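Please work through the following exercises with the sequence and the model open beside you. Each one sets a task and then gives a solution that goes step by step.

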Amino acid sequence: MSRWVLKGLQTGIVTTRYPGGEEGAPGISPGIPQDMVCSGSHAEALALRCPTAALQREKDQISVLRERCVHCYRCARGITKPIQWERGFEWARIRSDAVVFPKAFQQSLHIRVIDAGDCGACLHEVKLMNNPFYNMHRLGFFITPTPRKADILLVVGPVTDHMKRAMLKAYEAMPEPRRVMAVGACALSGGVFGPGFVTGSGVGDVLSVDLVIPGCPPPPLAILHGLLTITGRKMALQDDKPAVPGGGT
Amino acid sequence: MMKAQELADQAQSLWPLDVESCVDASSGIVELCCKREQVPHLCDWLFNHQAYLFAGLIVEENTSRWDLFYLFVGQGKGGCVRVRTSAALEERQFQSVSVPVHAADWHEREAEDLFGLVFEGHPRLGDFILHDDTWQEGVEPMRNNFDPAAALSNRQPRENACPRRIVDVPGAFVMPIGPVFSGTAESVHFQLETVGEEVLRAFPRLFFKYRGVEKRAEGCSVDQALLLAERFAGTTAFAHAFAFAMAIEQISDREVPERAQVLRIFVAELERLRSHLSTIEGICASTGLAVAANQTAILEEEALRLSGSLTGHRYLFGLVIPGGLSRDCDNQACRQSVIKARDILQRLDGIDKLLINTSSFLDRIEEVGVITQEQAHSHGLVGPVARGSGCCSDLRRLQPYGGYDTFDFETPCEVEGDGYARLRILFAEAKQSVRIMEQALERLPAGPVFLAGEAAPGVVPVGVETPRGATWHWLRMDEERKLTRYRLITPSFTNWHGFHLAAENFAFQDFPIILATFGLSVAENDR
């Protein structure tokens, strides 16, 4: 066993400097399209290429509904004059002005994760927040197996009919104060799977959502940013775009 | 194993009145058409006497009749056989083949649940995909006339639905686990029946994550369906998108530029490496070996970042499109990727060397979760699980696709069938994947990565060896270039069917470890 200890020590520290410093390693984020001004016909062509209606066109202005983007890159590849993508990851957004996070949440958070039908990618990114690169424990965030000790219900997936009851039971088992966080395009709007005959159009259909994190899947740093937002250590994304139609707020 | 025509002739000589055969010219697949009563005999003959592997059952509701295709896989071009039987739509009764070909068990349960077909002689139909506590019997979502609105408004779930128990002895009880359990486990329910310490019967109850992908794909254009194919199982997205793109290309007789072909293999092996790292990490974590788990997690994150910087997306979404790739990866980036992959492999090797000298770790996986070769064969298991039990099938060798036949690599195989054998397979395959990446880099030709083309109507099954094993995508496209049937046979579906064999007769505390050594995805199974 001593060899393992040695191995661990030899590795040194790999943990990101975020949120204290910047994190800009390649491959940490899939990126997200940015708003663009272009000719009306090109804007229309771009909006038509988007399979999830994340690109909303108004005359010669394309505005991006981040909550709908699934990173298919169809607006960035195979087209002349592609949309510019930003490589950041601070995408978390508080659903409405009415949402206030309790003071008790400012230090440490316990999170119950619910897989409500995700493809495995979002869940995997949530799991990776525990790896040495992100090490969420250092920031006071813990994933708990029991909803009885959870402050945050973190939901991934479009909420399938079969998972709806289990999710609600977990929510009901949580003590007050409690808040709901929807992670990933499916949980926000149903993504490519919903709404359908066995899935809803995201968590908003069933529970009132407080914080949303766009992405398909959102990278671990985006989810960390969301958690930091809840504790008040980071600012949520400030924009005045309407919530996703049909996404349910 | 014999040639296509020979096999067709022999089947006809054995059952002269009942079996008609033909060879599909474009795909080289032998089709044996027979009466419903004859199907179990024919499947038995192929599976148990002709050494064909069972790939899956595809049910189609065509204009006026049922078409059932039982897909079997053999060696080389023309090595695939499909047994076809048809019946009028009013007829619902078919003969079960799950007694001679046990691998068909879950396929028949699925067809019963989603199409309302009845398989005579099947021991256990009913509650499977559509849970009885959410849906009433009689909802058949895969039928053409299925009305989602009516089904939703008219739902009458069975409130007292309760999964059935098998063990009936004094003191027996059920340990339920899930669907919401552990920290970040996927949603699945296990019913472990026991009288104390040992798990006597293990039932995984799946499909909590059923998203109806096959139904959603019906009527979709190629572009829309590609999103579904790629994203129903996010951790093996590239392999499934690859299979879908190849299916479209085969139906439409479309060319793929050579550079794109080589790059696809390059990226597919990168995904395999990453997926195996993830499974190894899961095994280390399940035994509580924190340093090993974290060391492997570092490698996995590096592989994800490598995928992200090479292709734009950490899980390789949006890369494959029918006709090639959506973007090029320049040679310099590929070279850097191989250097990085070699580095990852070297460090993985260091972890491997430490693991095999850690007796507390080996004690937890050696002779635990054993699957015998007979069991692996009868359940038709695939991928690293089957290769750990002496069933060494690998579609990259058996039915080479996308140019794999020109690459030099080995398919590792072990015979013990325990958790340790499966772990060794993962380590060995990770090495082979990097070897293939190196070869791909050497021969990477210049040129475009995409050729435009038109889709054409037709039907085709395409098999791909995903990191978890063989997947089959069956795709039918109509004159309007819309999908009319998209059947997904996934390795997780196949291997979950055999999972209980490994979990039974082992202690409770071994259960999470056995689960981790299987490395299954629930999303890939549930679709």
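**Exercise 1. Find the residue that follows helix H9 of chain B, state the sign of its phi, and then describe the helix itself.**

Solution. In this predicted model, H9(B) is followed by Gly312(B), and the phi of Gly312(B) is positive, near 100 degrees. Turning to the helix, which covers residues 290-311, we take 1.5 Å for each residue, so that its 22 residues should span 32 Å, and the end C-alpha atoms, being 31 Å apart, agree with this. The next step is to ask how far H9(B) is covered: 18 of its 22 residues are buried, so the helix is largely enclosed by the rest of the structure.

**Exercise 2. Determine the sign of phi for Leu316(B) and for Glu367(B), and decide whether each residue is buried or exposed.**

Solution. Begin with the general expectation: most residues other than glycine have a negative phi. Leu316(B), which sits in the loop between H9 and strand S11 (320-321) of chain B, has a positive phi near 65 degrees although it is not a glycine. Its relative accessibility is 1%, and since buried means under 20%, Leu316(B) counts as buried.

Glu367(B) belongs to the loop between helix H11 (359-365) and helix H12 (373-378) of chain B, and its phi, near 55 degrees, is likewise positive in a residue other than glycine. Here the relative accessible area is 67%, and because exposed means over 50%, Glu367(B) is exposed.

**Exercise 3. Work out how helices H10 and H15 of chain B are oriented to each other, and which residues make their contact.**

Solution. First, take the geometry: H10(B), residues 331-355, and H15(B), residues 419-443, pack at an angle of about 160 degrees, and their axes are 10 Å apart. Angles over 145 degrees count as roughly antiparallel, and the two helices are therefore roughly antiparallel to each other. The crossing of H10(B) past H15(B) is left-handed.

Second, look at the residues that meet. On the side of H10(B) they include Val338(B), Ala341(B), Leu345(B) and Asp349(B), while on the side of H15(B) they include Phe427(B), Lys431(B), Val434(B) and Glu438(B). Sorted by class, the contact of H10(B) with H15(B) has 11 nonpolar, one polar and six charged residues.

**Exercise 4. Carry out the analysis for helices H3 and H16 of chain B: what is their angle, and which residues meet?**

Solution. H3(B), residues 105-115, and H16(B), residues 491-503, pack at about 110 degrees, with their axes 9 Å apart. That makes H3(B) roughly perpendicular to H16(B), since this class runs from 65 to 115 degrees. In the contact, Asp105(B), Trp106(B), His107(B) and Glu110(B) of H3(B) meet Phe493(B), Trp496(B) and His497(B) of H16(B). These residues divide into three nonpolar, two polar and two charged.

**Exercise 5. Locate the peptide bonds before Pro19(A) and Pro217(A), and say whether each is cis or trans.**

Solution. As background, most peptide bonds are trans. The bond that joins Tyr18(A) and Pro19(A), however, is cis, with omega about 5 degrees, and Pro19(A) is found in the loop between helix H1 (2-11) and strand S1 (32-33) of chain A. The bond from Cys216(A) to Pro217(A) is cis as well, with omega near -10 degrees, and Pro217(A) lies in the loop between strand S11 (211-213) and helix H6 (220-231) of chain A.

**Exercise 6. Describe the surroundings of Phe105(A) and of Gln136(B): in which loop is each found, and which residues does each contact?**

Solution. Phe105(A) lies in the loop between strand S6 (93-94) and strand S7 (109-115) of chain A, and it is buried, with a relative accessible area of 1%. Apart from neighbours within four places in sequence, its contacts include Asp151(A), Ile152(A), Pro177(A) and Ile230(A).

Gln136(B) is in the loop between strand S7 (118-120) and helix H4 (148-153) of chain B. With a relative accessible area of 18%, Gln136(B) is buried. Leaving aside neighbours within four places in sequence, Gln136(B) is in contact with Asn154(B), Arg155(B), Gln156(B) and Pro157(B).

Terms used:
Residues numbered from 1 in each chain as written. Chains lettered and ligands numbered in written order. Predicted model: local features only at pLDDT ≥ 70, side-chain atom pairs only at ≥ 80, totals over all residues. Heavy atoms only, no water. Axes fitted to C-alpha atoms, helices over the stretch in contact; angles between N-to-C directions. Helix = DSSP H or I, 4+ residues; strand = E, 2+ residues; numbered from the N terminus. Parallel < 35°, antiparallel > 145°, perpendicular 65-115°, else oblique. Left-handed = near helix turned anticlockwise from the far one by under 90°. Contact = heavy atoms within 4.5 Å. Nonpolar A, V, L, I, M, F, W, Y, C, P; charged D, E, K, R; others polar. Expected span 1.5 Å × (residues − 1). Buried < 20%, exposed > 50% of the residue type's maximum accessible area, 1.4 Å probe, protein only.
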